[in-house]
Amino acid sequence: MSLASLIRLLALAALWGGSFLFMRVAVPHLGAIPTAVGRGLFSTLGLGAALAIMGYRPRLGRYLWPLLALGVINSGIPFLMYALAAQVLPSGYSAIFNATTPLVATVVGALVFAEGITPARVVAVLLGICGVAVLAQAGPLEISTSVLGGMAACFVATVCYAFSSFLTLKLAGANAPVDMRAAVFISQLGALLVLLPALLLHFVWHPQAVVELQAAPLLAWGNVALLGLFSTALAYVLYFRLIADEGPQKALTVTFIVPVFAVLWGWALLDESLTVAHAIGGGLIALSLWVVLRPKAR
């Protein structure tokens with residue numbers, strides 16, 4: 001992996017690590033569905049404004065609908081799943097479960113996309129999973145129905161990410177027919193389009209939700225804006241570029257680093273404690289990254 005890709009990888013991990021904190025602040029005030037919709041809205045507007053400033057006009061033709069569908073899988077469903085999980089799981093837990101994405105992608109790649117599984121990749125994924133398992137011990141939760149529901153929501157999101165990483169490579173990779181800028185914007189638009197009906201149903205089932213949104217503090221709305229503009233719009237530009245340059249497997253190793261940043265953000269901003277488990281888990285995650293990213297022998 002080139003130095004530029006490594007910098008993008010770390011920046012992406014920092015942005016996605018912060019996303020779980022933003023959701024933990026916003027969801028209690030706004031609710032899961034409005035938070036997910038707000039994330040998609042700010043992301044779409046931010047990307048659209050950036051493309052307009054650059055004077056870019058995407059020509060998609062027959063790729064419009066595939067990219068909209070990609071947005072549903074890559075953003076719409078995961079946005080909602082992680083917002084639901086934020087109601088019951090600490091931000092570090094959601095990030096830890098998110099780190100299982102490369103393991104799921106390895107299985108999906110082998111079963112669906114005919115990707116080979118090398119021994120080094122298996123060892124790297126197992127090391128990463130051990131690392132996040134150690135991190136999980138830093139703050140164990142008492143298992144309940146709601147906690148299991150939150151874990152299940154995270155798992156659904158990881159399956160979506162695993163599938164979408166391979167689809168992204170086909171639609172917006174280095175030799176793909178669609179420009180990366182168009183892929184990022186249209187996919188976010190697809191996420192927003194699928195989330196808006198969910199918001200309407202939410203208002204029908206919970207009429208008091210409108211009053212709750214009006215009473216929500218500015219801090220909650222600010223966190224949604226940061227979530228959409230930085231942890232989503234900017235993050236997906238970095239993520240799609242990583243997939244195009246390095247492939248889905250290496251790009252997905254970012255999920256190993258996200259829990260580390262989530263813990264660091266919690267320590268810096270929420271005064272959460274750091275433990276030995278964090279150091280051991282972070283070391284295992286770093287080792288797993290080295291196994292995946294080390295130069296191949298010549």
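## Asn98 and its neighbours

Setting aside residues up to four places away in sequence, Asn98 touches Phe20, Tyr82, Thr158, Tyr161, Thr255 and Val258. The model you are looking at is a predicted one, and Asn98 is a handy place to start exploring it. This residue lies in helix α4.

Is Asn98 buried or exposed? Its relative accessibility is 4%, and since buried means under 20%, Asn98 counts as buried.

## Where α1 meets α4

One of the contacts of Asn98, Phe20, leads us to the packing of two helices. Two packed helices are described by the angle between their axes and the distance between the axes. For helix α1 (residues 3–30) and helix α4 (residues 91–98), the angle is about 140° and the axes are 8 Å apart. That angle makes α1 oblique to α4, because roughly antiparallel is kept for angles over 145 degrees. As for handedness, α1 passes α4 in a right-handed crossing.

Which residues make this contact? From α1 come Phe20, Leu21 and Arg24, and on the α4 side they meet Ser91, Ser94, Ala95 and Asn98. Sorted by character, the residues of this contact of α1 with α4 divide into three nonpolar, three polar and one charged.

## Salt bridges around Asp245

How many salt bridges does a search of the whole structure find? The search finds two. In one of them, the side chains of Arg8 and Asp245 meet, with an N to O distance of 3.8 Å. Arg8 lies in helix α1 and Asp245 in helix α10 (residues 218–246), so this pair ties together parts that are 237 residues apart in sequence. If you like to check such pairs yourself, keep in mind that the cut-off here is a side-chain nitrogen within 4 Å of a carboxyl oxygen.

Asp245 also forms a salt bridge with Arg241, where the closest N and O atoms are 2.7 Å apart. Here both partners, Arg241 and Asp245, lie in helix α10, four residues apart, or about one turn of the helix. Taken together, Arg8, Arg241 and Asp245 are linked in a network of salt bridges.

## Accessibility in the network

What about the accessibility of the residues in α10? Asp245 has a relative accessibility of 37% and counts as partly exposed. Arg241, at 33% relative accessibility, counts as partly exposed too. Asn98 in α4, by contrast, counts as buried.

Conventions. Residues numbered from 1 in each chain as written. Predicted model: local features only at pLDDT ≥ 70, side-chain atom pairs only at ≥ 80, totals over all residues. Heavy atoms only, no water. Axes fitted to C-alpha atoms, helices over the stretch in contact; angles between N-to-C directions. Helix = DSSP H or I, 4+ residues; strand = E, 2+ residues; numbered from the N terminus. Parallel < 35°, antiparallel > 145°, perpendicular 65-115°, else oblique. Left-handed = near helix turned anticlockwise from the far one by under 90°. Contact = heavy atoms within 4.5 Å. Nonpolar A, V, L, I, M, F, W, Y, C, P; charged D, E, K, R; others polar. Buried < 20%, exposed > 50% of the residue type's maximum accessible area, 1.4 Å probe, protein only.
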